[in-house]
Protein chains: 2
Amino acid sequence: MNTYVIKYGGTSVENTDKIKQIANDIVKRKDIGENIVVVVSAMGKTTNELIVLANKISKNPSPREIDMLLSTGEQVSISLLSIAIRDLGYKCVSLTGVQAGIETDETHRRARISKINAEKIDNLLNKGNIVVIAGFQGVSPSGEITTLGRGGSDTTAVSLAAVLEAPCEIYTDVDGVYTVDPKLYPYAKKLDKISYEEMLEFASRGAKVLETRAVEMAHKYHVPLYVKKSSSNSTGTLIKEMDEDMERKLITGMTIDEDCLMVSLNLVPFEGKNISNIFSKLANENIYIDMISQTAPYNGFVNVSFTTREDEKFKVRQIISNLLEEFPTIDYIMESSVVKLSVVGIGMISQSGVASALFETLSNNNIEFYQVTTSEISISYTINEYDKEKVIKLFAKKFSL
Amino acid sequence: MNTYVIKYGGTSVENTDKIKQIANDIVKRKDIGENIVVVVSAMGKTTNELIVLANKISKNPSPREIDMLLSTGEQVSISLLSIAIRDLGYKCVSLTGVQAGIETDETHRRARISKINAEKIDNLLNKGNIVVIAGFQGVSPSGEITTLGRGGSDTTAVSLAAVLEAPCEIYTDVDGVYTVDPKLYPYAKKLDKISYEEMLEFASRGAKVLETRAVEMAHKYHVPLYVKKSSSNSTGTLIKEMDEDMERKLITGMTIDEDCLMVSLNLVPFEGKNISNIFSKLANENIYIDMISQTAPYNGFVNVSFTTREDEKFKVRQIISNLLEEFPTIDYIMESSVVKLSVVGIGMISQSGVASALFETLSNNNIEFYQVTTSEISISYTINEYDKEKVIKLFAKKFSL
């Protein structure tokens, strides 16, 4: 029998009616002779509600205790889903992360899976059970409950698929990966397939459909990954190894990251290791840094800009205040009304001209951009928020997205 | 350092303010140099809410999955309480039943504790931690999460106290054990101490302050058991081995069990094993049977009455319907407007006259009773519900309760 790992997010299990609905979908798969492992997230907004509760008690709750708290969310979902599946007359067993043998390191709130002992899961499948596993959680070598951080349930599902040598299906509220976020560009096309490399660029550049870590893991272990809409007959999008079709296309899609804070440090004395010192200071405080650009020195000074997430604003301002004591010449600007727009395509590796076509489009339409960075398969720009819609339309037309 | 096991029920942790309040109470104990192990129940009505959720999905949810579901309730409480204690600057670690080494049998929803491996708790205490443990839950030999059934957190606390050779303090919303339930008799007196035997009679005859199993366990392992009110300076009630003071008192207290259904089977043919067959049938369906009384045979028939809980009504009626096919002469009556009133006192062992004093009081006041049963240290009557208040007052006066 073929085994499939299928994962449902929080909105798919947000109430008992939806839980019954997906139980129905799952047993249909069992009926056609498939072995099914289901991974679920916490119901609806449970995780956020639990964090709010903890923050009412302490401004700085212990990560160890937060993991103890949050892991209950998925435990509630797995038991309810298992009750729903059993109620339809099927054999079903739910497992917590600990029981499923999902071992992680000791890093609370963003643990990494180190190993999965799939023996128990295999035994249960062999006995004809549907196995329902709590996403987002695991157990550390010292026996502590850990959680995997943002999008952790996707990572759980892909890791299980890797160990069970099964394909992985991620059910979500959109029916696949689109060339452009349909909320921003309603004419966007759904992609039938996309390469791991491109999906990674999509995910890391703001597409919210899948988490970067899950895609990396799928790529590493060659797990075929499907993104589909719950309870629909849509074929979704398959994320897989690159193939010839994909190479032929110049641009696969475009992502827009609106959670973007641009920081410019002007008049930094150009001497010694000033710039690298500044970035070490940011790194020491775990500030997320995305695009960095620097101009050539002029009159002994350089200007440097970088982007980060908007929720880092407070911490960044504090670090810059300290910098000003050391470098009083620095004049800094923080700008949050910018967005990052990236075009992604594995075809860029073998075909040139994408960059020039993009630059031309921007300049012909009098659109300014602040920064530009490129990777092998993507080009990203920071632009003014009010140019966003215009640029999306221009690029989408240009590359038939 | 002396170790204490202290247990808080659901109302003591029903919101974040109350959790912070008990965290304050707990660290005061640490300040005076005590080793503290805390056992907590689920917040407020969480357990009931989770059961309602499961019943929305299935009328007959799997006990295994219900345990998976319910055990999250205590896990939320322990993490929040631990966050509150750490926020006050103290070392604290929360442990689930599994992590605390609480081993049970495989009976889901009413598991019995078979063993506690206290090594982890000891280590944590030795490192200066306050240890917060989830009540009501454990782990079976096959690694399944189990729950202990009604009042399970009390049992967890007493079992831990037995293993750690510590006294056990049960914090609740009343400040101790009273001679009579103060809600029914406002002049009732609080008892400073009571013997295990008497407390067992109290608990099994309807006093809700402690569960029977917890008292049995305390008795078996000689655990001094205190019942106290949360965040008060009251000394509460100590439940301990019998002493001379206790023996001197004839009657310690009185309990009233209002959840009482009296079933009378009249005209049962008096031959062979009819009566024992009837009770086997009830036992096979796990019907809770309390008082049984039977009259001497007359004209070849006997009448038999028993009491049970009101929620057994439906099942009992079904069993009797089947009986009628076998014994068509039987005429049955079910009566739920009765209550059971018990007087309890260890002094009864050595002193006589209690029964006659009670009978006299009832007859002088024209009060009918349906059944009477006696144990070494108690006498119970079923009386009409409308006589309840009158009898309570009469008996309380008679024995200065």
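**View 1. Helices α9 and α10 of chain B pack at an angle of about 150°.** In this predicted model, helix α9 covers residues 274–284 of chain B and helix α10 covers residues 313–326 of chain B, and their axes lie 11 Å apart. Angles over 145 degrees count as roughly antiparallel, and α9(B) and α10(B) are therefore roughly antiparallel to each other. The crossing in which α9(B) passes α10(B) is right-handed. On the α9(B) side, look for B:I278, B:K281 and B:L282; they meet B:I319, B:L323 and B:E326 of α10(B). Sorted by class, the residues of this contact of α9(B) with α10(B) come out as 4 nonpolar and 2 charged, with no polar ones.

**View 2. Over in chain A, helices α2 and α3 also form a packed pair, with axes that come within 9 Å.** Here α2 is the stretch of residues 46–57 and α3 is residues 63–87, both of chain A, and the two axes cross at roughly 150°. That angle makes α2(A) roughly antiparallel to α3(A). As for handedness, α2(A) and α3(A) make a right-handed crossing. From α2(A), the contact draws on A:T46, A:T47, A:L50, A:I51 and A:A54. Facing them from α3(A) are A:I66, A:L69, A:L70, A:T72, A:G73 and A:E74. The mix in this contact of α2(A) with α3(A) is 6 nonpolar, 4 polar and 1 charged.

**View 3. Chain A and chain B meet through 40 residues of chain A and 40 residues of chain B.** Put together, the two chains bury about 3100 Å² between them, and carbon and sulfur atoms give 63% of that area. Three residues to pick out are A:I57, A:E65 and A:I83: they supply 22% of the area that chain A buries against chain B, more than any other three residues.

**View 4. A turn of 180° lays chain A on chain B.** The fit has an RMSD of 0.1 Å, and the shift along the axis is 0.0 Å. The two copies are thus related as by a two-fold rotation axis. To find that axis in the close-up, start from A:T72: its C-alpha is the one in chain A nearest the axis, 2.6 Å from it. A:T72 has already turned up in View 2, among the α3(A) residues that contact α2(A). The two copies use the same surface, too: 100% of the contact residues of chain A recur in chain B.

Terms used
Residues numbered from 1 in each chain as written. Chains lettered and ligands numbered in written order. Predicted model: local features only at pLDDT ≥ 70, side-chain atom pairs only at ≥ 80, totals over all residues. Heavy atoms only, no water. Least-squares fit on C-alpha atoms with pLDDT ≥ 70 in both. Contact = heavy atoms within 4.5 Å. Axes fitted to C-alpha atoms, helices over the stretch in contact; angles between N-to-C directions. Helix = DSSP H or I, 4+ residues; strand = E, 2+ residues; numbered from the N terminus. Parallel < 35°, antiparallel > 145°, perpendicular 65-115°, else oblique. Left-handed = near helix turned anticlockwise from the far one by under 90°. Nonpolar A, V, L, I, M, F, W, Y, C, P; charged D, E, K, R; others polar. Buried area = accessible area lost by both parts, 1.4 Å probe.
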